[in-house]
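Hi,

Here is the structure I said I would pass on. Have a look at it first, then read my notes below.

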Amino acid sequence: MLNRSCKNLLVRGVNWIGDAVMTMPALRSLRKSLPDTNISLLVKPWVAPLFEHNPNIDEIILYEDIHNGIIGKFRLASVLIKKGFCSSILFQNAFDAALIAFLSRIPERIGYSRDWRGFLLTDSISFNSDDRKMHHIDYYLNILRGAGLTAEYSPPYIYLSLKERLGARNILGHLKRPVIGINPGASYGSAKRWHPERFAAVTRKIICELDGSVVIFGSQSEVSIATEICNSVNSTIRIPQSALKQMAGKTSLRELAALISECDILLTNDSGPMHIGYAVGTPLITIFGSTDPALTGPLGKGNIVIKKGIDCSPCFRRKCDRQSIECMISITADEVFDAVKSFIPTNRAVFFDRDGTLCKDVNFLNNFNDLDIFKEVEKLQLLKEKGFKLIGVSNQSGIARGIVNEAFTREVNNIFLERYGFDDFYYCPHHPNEGCSCRKPEPEMTFRARAKHNINLKKSYVIGDKELDILLAKAVGAKGILVLTGQGTESADADYIARDLNEAVQWIRNDLVK
C-alpha cells in the first residue's frame with residue numbers, strides 16, 4: 001500500500017511510444033489521488049516529449065545512454081538519491097526498473113512481481129496469465145489499485161500548445177481538405193505492417209475520388225516505406241502539390257503529434273503513432289494483423305478497427321511464421337478506402353459557451369431563479385436551417401468547488417436540448433487546478449462532439465463571451481466569435497466581435513456566402 005504521507009514520488013515510465021501513451025490515464029489517476037505530492041517521471045529521452053506540458057507530473061527525469069551498464073546505473077542512482085524520493089511506482093516491467101529504485105534507496109518500491117524482480121520490491125503486485133488479457137491502459141491502472149489508490153479510466157491526452165497546433169496547421173495549410181494522415185510503418189515488425197502498395201492504392205482513391213489529400217508520416221527508419229508509397233502513387237497519376245505530402249523522417253515527436261492532430265483522419269497500423277492519434281483526438285482507422293485490439297487498440301468512440309478473423313491471429317510475432325502474413329493480405333484496399341470514405345467529417349457545428357453567452361452569467365449558476373436565458377437564443381434556429389449542429393461546451397468548475405450541484409447543471413443544459421433544438425451539450429466539471437483535458441481552452445469536449453456527430457471542425461464556429469472560447473476556436477481551427485454579453489470586452493484573436501447572439505448569427509450567415 002502506497003504511503004500517502006510521502007510527498008516526493010518517483011514514477012518509472014515505459015520505453016515504447018504506444019505504451020507511454022497508455023500510461024497517461026494512470027498518471028492522471030495518480031495526480032487525482034495525490035494532489036499535493038511532487039510526482040517525477042523517469043523515462044527514456046525518445047518518449048519524454050509526450051509528457052511535456054502534462055499537468056499530472058512535476059518533473060521529467062531522463063534515463064539517458066550515459067546511464068547504461070553497471071556504472072551508468074550507479075550514476076543515475078546517485079542523481080535520484082539526491083532528490084530524496086520516499087516512494088516509487090514502476091510502470092515498466094523490467095528488472096532494471098526495480099534495480100534502479102533499489103539502488104536509489106527509495107524506501108517504498110511498488111510494481112508488478114515479474115521478470116524475477118520481486119525481491120527488489122517492497123510492495124509486489126501479483127501478476128498472472130489473466131493480467132495479459134486486459135487492455136494495457138487497465139494494466140497500468142491496476143498497479144495503482146494494487147497500491148491502494150483509486151484508479152479510474154480517463155482518455156489518454158497529449159497536451160499541445162497553441163503554438164504547436166498553429167505551426168502544424170501552417171505546414172499542412174496548402175493541402176486540400178479532407179486531409180488524411182497515413183502511418184504505414186510499425187517498429188515492432190513486418191507482421192504489423194499493411195503492404196505499402198495497398199496504402200498507395202488507398203492514397204490514389206483519396207486524391208482522385210474524394211478530392212482530398214494525404215500526408216505520410218513515419219520515423220527516419222521508415223522513410224523508404226513512405227517513399228515507396230509516394231513513388232507508386234506518382235507513377236500512375238499526376239499528383240498536385242496540394243494532394244500529397246511526405247513527412248516521414250522530418251518531424252520531432254511533438255511535431256508529429258501536432259501534425260496528426262491537424263488531420264481529419266489517421267489511417268495507421270498498430271503502432272506508436274496510432275496511440276498518439278487517439279491521444280490528440282484524431283479519428284482513427286487502424287489496421288490490425290498479428291496483435292490484438294482488445295489489448296492495445298484505441299478506446300472510446302470515433303475510431304474504426306479493421307481486423308480479419310484469421311485462425312492464427314493474434315500471434316504477437318514480429319514476423320509471420322507462415323511467410324504469408326494472411327492477416328494483412330486479406331484486408332483489401334477497397335475495404336479500407338470504404339472505411340475512410342464513411343468516416344469523412346461532413347457536418348458543420350456552432351459551439352456555444354453557456355454562462356454569459358446563452359444565459360446571464362451570475363457567477364456559478366445553481367438556482368433556477370437566477371437562470372436568465374437570452375431571448376436571442378430563439379434565433380439560433382436560423383443556424384439549424386443552414387445545416388449547423390448546435391452544441392454547448394461549458395466549463396462548470398463550480399461542481400468541483402462544491403458550489404454547483406451537477407444534477408442541476410444537467411437540468412439547465414437539457415433546457416437547451418429540449419426547448420431550443422441543441423444537438424448536444426458538454427460540460428467540464430473539474431477544478432482549474434486539476435489540469436484536465438476537457439476544460440476549455442483544451443479541445444477535448446469538441447473532439448468528443450466531432451466523434452459523435454461527424455463534425456468538420458475546420459468549417460465550424462465557436463461563440464463565447466470569454467477569451468478562452470476564442471482560444472478554443474483557434475486550437476481546433478474553427479472561427480471564433482466573441483459576444484459582448486458576458487465577461488469579455490475585446491479579443492485580438494477573435495474572427496469577429498458581436499454585440500449579442502443575433503449579430504453573431506448574422507455574421508455566420510454572411511460568412512457562408514463569402
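**What I found**

Let me start with a proline: Pro441 sits in the loop between E15 and H17. The peptide bond that leads into Pro441 from Lys440 is cis, with omega at about 15°. Before I go on, please keep in mind that this is a predicted model.

There is another cis bond to look at, from Arg177 to Pro178, where omega is near 5°. Pro178 belongs to the loop between helix H6 (162-171) and E7. While you are looking at loops, check Arg105 too: its phi is positive, about 60°, though the residue is not a glycine. You'll find Arg105 in the loop between helix H4 (95-103) and strand E5 (108-112). As background, most residues other than glycine have a negative phi, and most peptide bonds are trans.

Now the sheets. One is an open sheet of six strands, paired in parallel, and its order is E9-E8-E7-E10-E11-E12. Strand E9 (244-246) and strand E12 (303-306) have a single partner strand each, so each has one side without a neighbour in the sheet. On average, neighbouring strands here are turned by 15° against each other, if direction is ignored. For a closer view, take strand E10 (residues 265-269) and strand E11 (residues 284-287): they run parallel and are joined by four bridges. Within that pair, Leu284 in E11 stands opposite Leu266. Helix H7 (residues 196-209) packs on this sheet and touches strand E7 (179-183), strand E8 (213-216), E9, E10 and E11. The direction of H7 makes about 175° with that of E7.

Further along the chain numbering you can trace an open sheet of six strands with parallel pairing, in the order E15-E14-E13-E16-E17-E18. Which strands are at its edges? They are strand E15 (424-428) and strand E18 (496-498), each of which pairs on one side only. The average turn between neighbouring strands in this sheet is 20°, direction ignored. E15 pairs with strand E14 (residues 388-395) in the parallel sense, over five bridges. One residue pair to pick out there is Gly392 and its bridge partner in E15, Phe425. The helix that packs on this sheet, H17, touches strand E13 (348-352), E14 and E15, and its direction makes about 155° with that of E15.

H17 turns up again in the second largest pocket, which holds about 500 Å³ of space. Among the 24 residues lining that pocket, the closest to its centre are Pro155, Gly300, Lys301, Glu444 and Arg448. Two elements give two or more residues to the lining: helix H10 (272-279) and helix H17 (444-453). Which of the elements gives the most? That would be H17, with six residues. What kinds of residue make up the lining of the second largest pocket? They divide into 12 nonpolar, seven polar and five charged.

Last, the salt bridges: the count comes to 27. One to look up joins the side chains of Arg31 and Asp58, at 2.6 Å from N to O. This pair links distant parts of the chain, with the two positions 27 residues apart: Arg31 is in helix H2 (residues 24-33), while Asp58 is in the loop between strand E2 (38-43) and strand E3 (59-62).

If you want a place to begin, try H17: this helix packs on the sheet at E13, E14 and E15, and also gives six residues to the lining of the second largest pocket.

Cheers

Methods:
Residues are numbered from 1 along each chain as its sequence is written. This is a predicted model: local features need pLDDT of at least 70, side-chain atom pairs count only at pLDDT 80 or more; totals for chains, interfaces and linings use all residues. Side-chain values use heavy atoms; hydrogens and water are left out. On a 1 Å grid over the protein atoms alone, a cavity is a set of points where a 1.4 Å probe fits but cannot get out, and a pocket is an open set with protein on both sides within 12 Å along at least five of seven lines; lining residues have an atom within 4 Å of a point. Grid points are joined across faces, edges and corners, and a volume is the space filled by probe spheres set on the points. Ala, Val, Leu, Ile, Met, Phe, Trp, Tyr, Cys and Pro count as nonpolar, Asp, Glu, Lys and Arg as charged, and the others, Gly among them, as polar. Two strands pair if DSSP finds at least two bridges between them. Axes are lines fitted to C-alpha atoms, for helices over the stretch in contact, and angles run from 0 to 180 degrees between N-to-C directions. Contact means heavy atoms within 4.5 Å. A salt bridge is a side-chain nitrogen of Lys or Arg within 4 Å of a carboxyl oxygen of Asp or Glu.
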